[in-house]
Amino acid sequence: MHGRTFTQDARRAQIVQATIETLAEIGYARTSFTAICRQANLSSTGLISYHFAGKPQLLREVARTVLEKSGTLRADRVAQEMTYRGKLGAYISSHFDFMTVFPAHARALSEITELVREGAAPGLDDVARGALSVEGLVVLLEEGCRAGEFRIPDPAVLALAVHGAIDNAVRHHELFAVADPDRLARELTDIFTRCTLSP
């Protein structure tokens with residue numbers, strides 16, 4: 001918001017980070033302003049209310065923060081690759097890298113998107129759309145087709161399949177931790193790279 005001071009921005013960032021950590025540790029159902037206040041070592045929940053009108057507004061800012069961080073990591077990894085096959089692999093692996101490097105952020109976003117799926121977070125539908133968007137991947141696949149590296153009948157359908165596989169693998173790992181994230185990334189990359197070669 002225009003007109004905020006450096007101190008106010010720092011306080012908002014502190015609250016957002018504490019909310020991310022609280023969501024990751026105890027889940028949405030138990031995440032209250034009191035719990036966030038305790039996590040952030042704030043003296044009063046009024047300090048949260050001063051910066052955020054309510055829980056939906058705070059969750060929106062949390063989601064925006066997480067999506068921005070994950071998007072930056074993904075864009076950097078993809079940009080480092082010279083081939084479209086490499087870019088596809090980087091797109092897939094970046095989701096698992098994010099989960100490994102920023103586990104609390106990944107878990108917090110999962111909590112928010114699950115709420116939206118269940119219809120328990122009115123007004124946050126656009127947050128879920130942002131988290132589940134495949135537009136960037138569709139563009140990558142289409143560019144790979146034009147460059148002659150991919151042969152894909154419908155890039156949008158493959159993008160949905162890739163995103164769905166990543167989402168489910170990440171959620172399964174969060175719940176059960178039965179597979180190494182690097183291995184998941186490699187296996188999914190191999191599977192979908194093969195799909196790009198289909199006539």
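Begin by selecting E68 and R64, where a salt bridge joins the two side chains and the closest N and O atoms are 3.1 Å apart. Keep in mind throughout the tour that this is a predicted model. Both E68 and R64 belong to helix α4, where they are four residues apart, or about one turn of the helix. If you colour the two by accessibility, E68 counts as partly exposed because its relative accessibility is 49%, and R64 is likewise partly exposed, with a relative accessible area of 40%. Now add E61 to the selection, and you will have a network of salt bridges that links E61, R64 and E68. As a general point, side chains of opposite charge can pair when their charged atoms come close.

Next, select the whole of helix α4, which covers residues 55-79. With 25 residues at 1.5 Å a residue, this helix should span 36 Å, and its end C-alpha atoms are indeed 36 Å apart, so the expected span and the model agree. Several residues of α4 are buried, among them L58, L59, V62, A63 and V66, and E61, which you have just met in the network, is also one of the buried residues.

Staying with helix α4 for a moment, select R77 together with D97, whose side chains meet in a salt bridge at 2.3 Å from N to O. This pair links distant parts of the chain, since R77 is in helix α4 while D97 is in helix α5 (residues 84-101), 20 residues apart. Is D97 buried or exposed? D97 counts as buried because its relative accessibility is 19%, which falls under the cut-off of 20%, whereas R77, at 30%, counts as partly exposed.

The tour then moves on to E114 and R171, which form another salt bridge, with the closest N and O atoms 3.1 Å apart. E114 lies in helix α6 (residues 103-117) and R171 in helix α9, so this pair ties together parts that are 57 residues apart in sequence. Both partners are partly exposed, E114 with a relative accessible area of 26% and R171 with one of 28%. Across the model, the count of salt bridges comes to seven.

Finally, remain in helix α9, residues 155-176, and select L160. At 55% relative accessibility, L160 counts as exposed, because the cut-off for that word is over 50%. To finish, draw a distance from L160 to E135, C-alpha to C-alpha: the two are 25 residues apart in sequence and 9.6 Å apart in space.

Conventions. Residues are numbered from 1 along each chain as its sequence is written. This is a predicted model: local features need pLDDT of at least 70, side-chain atom pairs count only at pLDDT 80 or more; totals for chains, interfaces and linings use all residues. Side-chain values use heavy atoms; hydrogens and water are left out. Helices (H or I, at least four residues) and strands (E, at least two) are DSSP runs, numbered from the N terminus. Buried means under 20% relative accessible area, exposed over 50%, partly exposed in between (1.4 Å probe, protein chains only). The expected span of a helix is 1.5 Å times one less than its number of residues. A salt bridge is a side-chain nitrogen of Lys or Arg within 4 Å of a carboxyl oxygen of Asp or Glu.
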